[in-house]
Amino acid sequence: MDTTFVTYPAILSYDVPGDVGITFPDFPGCTGQCAENNNIASYALETLCFHLSGMIEDGEVIPTPSRIQDIHTEEAQTVIPVRVFLPAIRERLYSKAVTRTVTLPYWLDKEAKNEGLNFSHELQNALMQKIGAVRQ
């Protein structure tokens, strides 16, 4: 499913004057709220992408989108399509940096600093060589 754009329905609720509530029927717990004069579609996309990033990071299965015409709304609600490109979310998630603490013998730390070595770069290169990965 993650090779193309995927469109999920978002329900916009206008219960509170001046505010818009955003929910996603396919993602319980994925909610947002913004001022009615904001770019609501952009905010809905940001909310969904943030939620999807967490799901992908946790290894959860991304559901198939509901059909917009199958979504039932109440008074003061409307449905809009929110189109996402899952590979971009995965790419951003998998390319983010993480911090690790490394313990070295004093002499090795001192010599590496004297050589002006970048510890992160050297560790990345050594790990990639060890697992047979190629730097992109």
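Contact here means heavy atoms within 4.5 Å of each other. By that yardstick, in this predicted model, C49, L52, S53, I56 and E57 of helix α1 meet L86, I89, R90, R92, L93 and Y94 of helix α2. Sorted by class, the residues of this contact come out as seven nonpolar, one polar and three charged. Two packed helices are described by the angle between their axes and the distance between the axes. For α1 and α2, the axes come within 10 Å and cross at roughly 60°, and the crossing is right-handed.

Both helices also have a sheet to deal with. The sheet is an open one of four strands, ordered β3-β2-β1-β4, and its pairing is antiparallel. β3 (31–35) and β4 (77–85) sit at the edges with a single partner strand each, so one side of each has no neighbour in the sheet. On average, and ignoring direction, neighbouring strands are turned by 30° against each other. Strands of a sheet pair through backbone hydrogen bonds, either parallel or antiparallel. In the case of β1 (residues 5–13) and β4, the antiparallel pairing runs over nine bridges; Y8, for one, has V82 in β4 as its bridge partner.

How do the helices sit on this sheet, and at what angle to β4 does α1 run? Helix α1 (residues 40–57) lies across β1, β2 (19–23), β3 and β4, and runs at about 55° to β4. α2, for its part, packs on the sheet by touching β1 and β4, with its direction making about 60° with that of β4.

That leaves the empty space. Rolling a probe the size of a water molecule over the atoms shows where such space is left. The largest pocket has a volume of about 780 Å³. It is lined by 22 residues, and the closest to its centre are F119, S120, L123, Q124 and L127. Elements giving two or more residues to this lining are α2 (86–94), α3 (106–114) and α4 (119–131). Of these, α4 gives the most, with eight residues. As for chemistry, the lining of the largest pocket has 14 nonpolar residues, joined by four polar and four charged ones. Helix α2 thus turns up in several places: it meets α1, touches β1 and β4, and helps line the largest pocket.

Notes:
Residues are numbered from 1 along each chain as its sequence is written. This is a predicted model: local features need pLDDT of at least 70, side-chain atom pairs count only at pLDDT 80 or more; totals for chains, interfaces and linings use all residues. Side-chain values use heavy atoms; hydrogens and water are left out. On a 1 Å grid over the protein atoms alone, a cavity is a set of points where a 1.4 Å probe fits but cannot get out, and a pocket is an open set with protein on both sides within 12 Å along at least five of seven lines; lining residues have an atom within 4 Å of a point. Grid points are joined across faces, edges and corners, and a volume is the space filled by probe spheres set on the points. Ala, Val, Leu, Ile, Met, Phe, Trp, Tyr, Cys and Pro count as nonpolar, Asp, Glu, Lys and Arg as charged, and the others, Gly among them, as polar. Two strands pair if DSSP finds at least two bridges between them. Axes are lines fitted to C-alpha atoms, for helices over the stretch in contact, and angles run from 0 to 180 degrees between N-to-C directions. A crossing is left-handed if the near helix is turned anticlockwise from the far one by less than a right angle, and right-handed if clockwise.
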